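These are my notebook entries on a structure that I had not examined before. I looked up the sheet, the core and the pockets, and I set down what I found.

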Amino acid sequence: MADHRHPEPLKRRRAVGPAGLPAKVVALALALVLAAGGVAAWAGWDWYAAAHDDTAAYAEQRDTALAAGEQAVQNLNTLDHQHLDRGLDLWETSTTGELHDQLVSGRSEFASQVRTAKTVTTAKVLSGAVTELDDRAGRARVLVALRVTVKAPGAESTDKDSRMLGELTRTGGRWKLSALGQAPVGGTAAG
């Protein structure tokens, strides 16, 4: 008896996956989906880690303190006798603590001296750095190099480069100068 179940020769059958696609195509698609998922998970984790990194927040606070410190030091070294009240108001809004109190209490006497001298003093920040930062306590120290130009009536303007050390205190969410002094110039031994 002849077997009539398979009248034609057996053909090679292909492995078939879902939806009738060849198994190799399905395997390749699955591999691509898994790889894309892995990249997405890695990128998401990387983004989350960066967004919650204390180092980034600290660097941002350092940069904010530096910008405020440089501006405040520049403000306190700039004054025009023709716009005296505006300049002294700026001094007061740039400061806090004892420094602020000293400026307020000595304002009228200092204003009288500047009006008599009729000077115009401008400062330009050359560079600056945060030397200390305690973000939790809201305290920072800055070193600012600046060029101060003084113009008196009937005289040529004079330039002087100086380095200032400023202490900052964060108050009301803003950094303000709480102390300001001349930085020592090199050549002295620290002991």
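How do the residues of the lining of the second largest pocket divide into nonpolar, polar and charged? I worked from a predicted model, and I began with this question.

**Entry 1: the second largest pocket**

I found that the lining divides into four nonpolar, eight polar and two charged residues. H2, S1, H3 and S2 are the elements that give two or more residues to this lining. H3 provides the largest share, four residues. I noted a volume of about 190 Å³ for the second largest pocket. Its lining consists of 14 residues, and those nearest the centre are Thr78, Leu79, Asp80, Gly87 and Leu90.

**Entry 2: the largest pocket**

I then turned to the largest pocket, for which I recorded a volume of about 280 Å³. Here the lining comprises 14 residues, with Leu76, Asn77, Thr121, Val148 and Met164 nearest the centre. I looked up which elements contribute, and H4, S3, S4 and S5 each supply at least two residues of this lining. S4 gives the most, with four residues. When I sorted the lining of the largest pocket by class, I obtained eight nonpolar, five polar and one charged residues.

**Entry 3: the sheet**

In what order do the five strands of the open sheet lie? I read the order as S1-S2-S3-S4-S5, and the pairing is antiparallel. Strand S1 (79–80) and strand S5 (174–182) are the edge strands, each of which pairs on one side only. As general background, I noted that strands of a sheet pair through backbone hydrogen bonds, either parallel or antiparallel.

**Entry 4: from S2 to S3**

I followed strand S2 (residues 120–134) into strand S3 (residues 139–151); the two run antiparallel and are joined by 13 bridges. I checked individual partners as well. Asp134 stands opposite Arg139 in S3, and Glu132 has Arg141 in S3 as its bridge partner. S2 and S3 form a hairpin with four residues between them. In the turn of this hairpin, Gly138 has a positive phi of about 75 degrees.

**Entry 5: from S3 to S4**

How many bridges join S3 to strand S4 (residues 158–171)? I found twelve, and these strands also run antiparallel. The bridge partner of Leu146 in S4 is Ser162. Six residues lie between S3 and S4 in their hairpin. Its turn contains Gly154, which has a positive phi of about 75 degrees.

**Entry 6: the nonpolar core**

Which residues touch the most other members of the largest nonpolar core? Leu146, Leu168 and Leu177 do so, in a core of 24 residues. I listed the elements that give two or more residues to this core: helix H2 (54–75), helix H3 (84–93), helix H4 (97–105), helix H5 (107–117), S2, S3, S4 and S5. S3 gives the most, with five residues.

**Entry 7: the contacts of Leu146**

I returned to Leu146 and looked up what it touches, leaving aside residues up to four places away in sequence. Its contacts include Val73, Asn77, Ala123, Lys124, Val125 and Leu126. Leu146 also touches Lys160, Asp161, Ser162 and Met164. Of these, I had already met Ser162 as the bridge partner of Leu146. Asn77 and Met164 had appeared among the residues nearest the centre of the largest pocket.

Key: Residues are numbered from 1 along each chain as its sequence is written. This is a predicted model: local features need pLDDT of at least 70, side-chain atom pairs count only at pLDDT 80 or more; totals for chains, interfaces and linings use all residues. Side-chain values use heavy atoms; hydrogens and water are left out. Two strands pair if DSSP finds at least two bridges between them. A nonpolar core is a set of buried Ala, Val, Leu, Ile, Met, Phe, Trp, Tyr and Cys residues joined through side-chain atoms within 4.5 Å. Buried means under 20% relative accessible area, exposed over 50%, partly exposed in between (1.4 Å probe, protein chains only). Contact means heavy atoms within 4.5 Å. On a 1 Å grid over the protein atoms alone, a cavity is a set of points where a 1.4 Å probe fits but cannot get out, and a pocket is an open set with protein on both sides within 12 Å along at least five of seven lines; lining residues have an atom within 4 Å of a point. Grid points are joined across faces, edges and corners, and a volume is the space filled by probe spheres set on the points. Ala, Val, Leu, Ile, Met, Phe, Trp, Tyr, Cys and Pro count as nonpolar, Asp, Glu, Lys and Arg as charged, and the others, Gly among them, as polar.
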